[in-house]
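Colleague: Pick one part of this model and take me through it closely, then work outwards to whatever surrounds it. Cut-offs in passing, please, so I know what each word means.

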Amino acid sequence: MPVDEKNKVILKLENICQSFIVNDEVKQVVDDVSMEVRDNEFLVVLGPGHCGKTVLMNIIAGLAKPRSGKVYLDGEELHGSDERIGMVFQSLNLMPWRTVMANVEFGLELSGMKKAERREIAQKYIDLVGLTGFENSYPHQLSGGMKQRVGIARAYTNSPQIMLMDEPFGQLDAQTRYSMQEEVLRIWQSEKRTIIFVTNNIEEAVYLADRIVLLSNCPAHVKQVYDLSCLPRPRNFTDPEFLRIRQDISDNTDLAL
């Protein structure tokens with residue numbers, strides 16, 4: 001049978017476990033997590049604060065090695081970081097001495113790409129995230145939302161197949177957060193890339209996701225997967241079906257300890 005491109009699995013996690021030594025004791029952080037990620041989907045990983053979400057994202061990104069389990073991309077087992085996976089962190093670590101343009105093109109510069117070519121690519125993503133005219137600005141001259149846009153543009157310049165976003169809006173005020181949610185959806189719909197978005201905000205998860213993977217409190221394991229295909233886009237926070245799904249997930253979510 002031909003592969004259904006809409007439901008094609010491109011990333012697969014099998015029985016991921018992770019633990020750390022804390023005060024001379026082994027602390028289990030991720031417990032037997034398995035999940036599949038489909039091509040071009042917006043997948044949200046939802047769970048209470050400090051439940052192990054970031055640990056899981058670092059494993060997918062190749063920044064950490066799991067104690068056990070495997071990660072596959074396009075059927076190939078991953079060992080360490082891979083250029084097909086990009087990441088936007090909650091803490092952006094923009095270089096304060098570099099302009100918006102210089103921050104966005106940094107990865108391309110490291111790869112040895114010629115200046116004219118990398119500037120053209122960086123400009124494309126600066127325009128895409130709505131920062132046209134701010135190319136020569138420095139991070140201290142930008143608002144929190146604008147800095148997040150720089151981080152998103154920087155990650156996209158490397159043309160990742162999958163974009164990981166680890167609670168990117170957690171430090172923003174409510175109004176800016178709503179605005180950035182709209183921006184991320186617009187960019188996702190424009191770029192047609194897979195996004196794995198981490199949050200502890202249920203409303204944000206329901207607003208953004210094609211599917212939600214709900215994790216338990218630490219140690220993290222998959223409690224339930226929610227398919228939100230029943231909710232058409234653009235979504236309305238006051239729609240009865242939106243509110244029903246939000247309540248269902250809230251009732252099933254562990255409290256943060």
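Modeller: Let's start at Arg149, which is buried at a relative accessible area of 15%; buried means under 20%, exposed means over 50% and partly exposed is in between, with a 1.4 Å probe and protein chains only. Before going on, the ground rules: this is a predicted model, where local features need pLDDT of at least 70 and side-chain atom pairs count only at pLDDT 80 or more, while totals for chains, interfaces and linings use all residues. Residues are numbered from 1 along each chain as its sequence is written, and side-chain values use heavy atoms, with hydrogens and water left out.

Arg149 sits in helix 5. Helices here are DSSP runs of H or I with at least four residues, strands are runs of E with at least two, and both are numbered from the N terminus. Setting aside neighbours within four places in sequence, Arg149 is in contact with Val129, Gly130, Leu131, Ser179, Met180 and Glu183, contact being heavy atoms within 4.5 Å.

Now the helix itself. Helix 5 covers residues 144-156, 13 residues in total, and its first and last C-alpha atoms are 19 Å apart, close to the expected 18 Å; that expectation is 1.5 Å times one less than the number of residues. Because 11 of those 13 residues are buried, helix 5 is largely enclosed by the rest of the structure. The buried set includes Gly145, Met146, Ile152, Ala153 and Tyr156, and also a second arginine, Arg154. What do they pack against? The buried residues of helix 5 pack against strand 6 (85-88), strand 7 (162-166) and strand 8 (194-199), plus helix 2 (100-104), helix 4 (115-128) and helix 6 (174-191).

Helix 6 has a buried arginine of its own: Arg177 is located there, and its relative accessible area is 15%. Not counting residues up to four places away in sequence, Arg177 touches Phe169, Gly170, Leu172, Thr199, Asn201 and Glu204.

Next, the hydrophobic side of the story. The largest nonpolar core has 47 residues, and Phe42, Val44, Ile152, Ile195, Val206, Ile212 and Ile249 have the most contacts inside it. Helix 5 gives the largest share of this core, 6 residues. A nonpolar core is a set of buried Ala, Val, Leu, Ile, Met, Phe, Trp, Tyr and Cys residues joined through side-chain atoms within 4.5 Å. Val44 has contacts beyond four places in sequence with Phe197, Thr199, Ala205, Leu208, Ala209, Arg211, Ile212 and Val213. There is a second, separate core of 30 residues, with Val29, Val30, Leu78 and Ala220 among its members.

The strands that helix 5 packs on, 6, 7 and 8, belong to an open sheet of 6 strands in the order 6-7-8-3-9-10, with mixed pairing; two strands pair if DSSP finds at least two bridges between them. Strand 6 and strand 10 (222-227) are at the edges with a single partner strand each, so one side of each has no neighbour in the sheet. On average, neighbouring strands of this sheet are turned by 15° against each other, direction ignored. Strand 9 (residues 211-215) runs antiparallel to strand 10, and 5 bridges join them. Ile212, one of the well-connected core residues, has Tyr226 of strand 10 as its bridge partner.

Two backbone details sit around strand 10. The peptide bond from Cys218 to Pro219 is cis, with omega near 0°, and Pro219 is in the loop between strand 9 and strand 10. Another cis bond joins Arg233 and Pro234, with omega about -5°; Pro234 is in the loop between strand 10 and helix 8 (240-252). Most peptide bonds are trans, and most residues other than glycine have a negative phi. On the phi side, His50 has a positive value near 60° and is exposed at 79% relative accessibility. His50 lies in the loop between strand 3 (42-46) and helix 1 (53-61).

Notes. Axes are lines fitted to C-alpha atoms, for helices over the stretch in contact, and angles run from 0 to 180 degrees between N-to-C directions.
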